Amino acid sequence: MTTITLEIPLQWEDMLSAAGETGQQIPLGLGALDWDGFVKELTENHPDLAKRLLSDSGGLAPGIAIAVNEEMFGSSGVPKVRPFEHGDVVSVIIPFSGG
Amino acid sequence: MKTLVFPPGLMDRVTASIRKRHPVKSFGYFISDTKAGIPTDFIIFEGNNRNARGWKEEFESFGQYFVDHSDAGFVATPEEIWKFKKETRARGMFEVGVFHSHQRHPANFSRVDYEMHMKSVGKQLWHVIFSMRTSDYPQARAFEIYDSGVSEIRLLDSEKPTTEERLARPKGIPLRDKSTLLADARELLRSDENGLPLHVDPQTTIAAIEDVLSTDDQSLIAELLSTGIFRDRERRYDEFVAEDMIPLKGGDFLMGTDRGKSRPYCGETPKHHVTVRDFSIGRFVITDALFSKWSLQSNIHVKDRTQPKVNVTWYEAKLFALWMGCRLLTEAEWEFACSRGEEWQWCCKSESDLVEHAWYSENSGGRIHPVGLKKPNSCGVFDMHGNVWEWCEDNYDDSFYSRPAGVAPVNKGPGFRNKDGAQETNRVTRGGCMHSHAEMCRSRYRFHEPPSFSARDLGFRLCR
């Protein structure tokens, strides 16, 4: 089992608290190291988070980007992320926007 | 109202950075050494994805204003956000607030700002808006954002005196007697042979007039209003103003908005009973042509005689009104005349009808239009929604509606204001302007500016 930590944005805390999650960092025990495994884990075990993070086609939702450890992996669509490794920290990035 | 204290120099630094970028929109974060602490530094984002695929469509869905102005709105790039997050973390610092600039709007919080903040920033952080519509006199307002709405926070620069400190009479200076107050005011009100003022500083003049008015001595006030530049005010009223004044019967009405229905607008609650006395209101806002009769502006080039007079301070507006035998509307009178006691948001039943009555974000083309081209409201007053904001007499206080209103309320108490060394008490502005979204043109929408502020979309209307 590979465990990565998913760092979620501060502003999603309420939603996750309501869903029974805790804090800002969620350890994910992944059965697979690739993106598909990541999507499967989220969809099955963290559906509320998956709804915010993923599009219907299984890529990142519009405007969402992720970084792994210290490296940015782009935004929206299916990111060309390298296979996750044990101990990786996946940071979810949503755009800062103002009217 | 809560207070947000800025450490010495920080507000000046961020304002300078925003001014340097203007007219490019600014967006950034305030950071602190401690979680939810006072801000100690800030960052401004450079890249803007506002017009990238997906975002452009989202912004344009907010209305015609965002179609007409591709620079309205800001979306930071993921790369820059990530860099910011990493650097902030590396410095052991925390995000505590967010800010963005308005190029054309006042520093007010809009529905779009609210939605964007809730979606992308989060209610843990406060939000400062810097208005650059008068770029050499930037305005900043701070807001807290909740699920239930928005409330304004008092911004305080720790280097500058508070309003209360500034307004406090220094110890050892004796109160002047009434005759001295009158003599001081009369000196400032001296006129030339044409009845035009010799003294050209409206702020000083208004301060002297207010000193006399505050005595509540009616004979003294009558003497003041018959002296110097005021000597021919009744003749001027009859000659220039009277035919465009509409008499309104006073009465009782519900002012403001119910709690829970005001999101994301500030200072409108609670809805409360107010009684106004009979008064007359100008059919139009003051035009360039009418204002040009005032000596201080006698050299202006009047392009269009029906163009609203703008770029006028509250002091100038008030002095001009008195010179014309009138006064400014109180905000209770303004709302009474605008809403006519109806529950509607505007003088018309729905937003779709607003285009018949107002020049605003959806139909103005971004410019001010001559007065009186749209339909008047039910009492025959034109342009109360949109085109230009209108100064009112009252000092702004977001808690004023919570106090007993009584008859003919007007707030003369201290409000708040922060600006380079010269703190003032802000005055109420109403009605919205040609750039305003429909929500800001609502009958009950309140905003405020310093009395020495002027802008190309801010005018006034007479009352008597």
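Start with chain A and its contacts (two residues are in contact if their C-beta atoms, placed from the backbone, lie within 7 Å). Among the contacts in chain A with a separation of 6 or more, 45% join residues 24 or more positions apart. The model is predicted: local features need pLDDT of at least 70 and side-chain atom pairs pLDDT 80 or more, while totals for chains, interfaces and linings use all residues. Residues are numbered from 1 along each chain as its sequence is written, and chains are lettered from A and ligands numbered from 1 in the order in which they are written.

Next, colour chain A by secondary structure. Three helices and six strands appear, in the order β-α-β-α-α-β-β-β-β along the sequence. Helices (H or I, at least four residues) and strands (E, at least two) are DSSP runs, numbered from the N terminus.

Of the 99 residues in chain A, 26% are buried (20 or more other C-beta atoms within 10 Å of the residue's own, with C-beta atoms placed from the backbone).

Now show chain B as well. Here 16 residues of chain A are in contact with 23 residues of chain B. On the chain A side, strand 3 (60–68), strand 4 (71–77) and strand 6 (97–98) each give two or more residues. Strand 3 of chain A gives the most, with four residues. By class, this side of chain A has nine nonpolar, six polar and one charged residues. Nonpolar means Ala, Val, Leu, Ile, Met, Phe, Trp, Tyr, Cys and Pro; charged means Asp, Glu, Lys and Arg; the others, Gly among them, are polar.

Finally, select strand 6 of chain A and residues 74–75 of chain B. Strand 6 of chain A runs antiparallel to strand 4 of chain B, joined by two bridges (strands pair if DSSP finds at least two bridges between them). Within this pairing, Ser97(A) stands opposite Val75(B).

Key. Buried ≥ 20, exposed ≤ 12 C-beta atoms within 10 Å, placed from the backbone.
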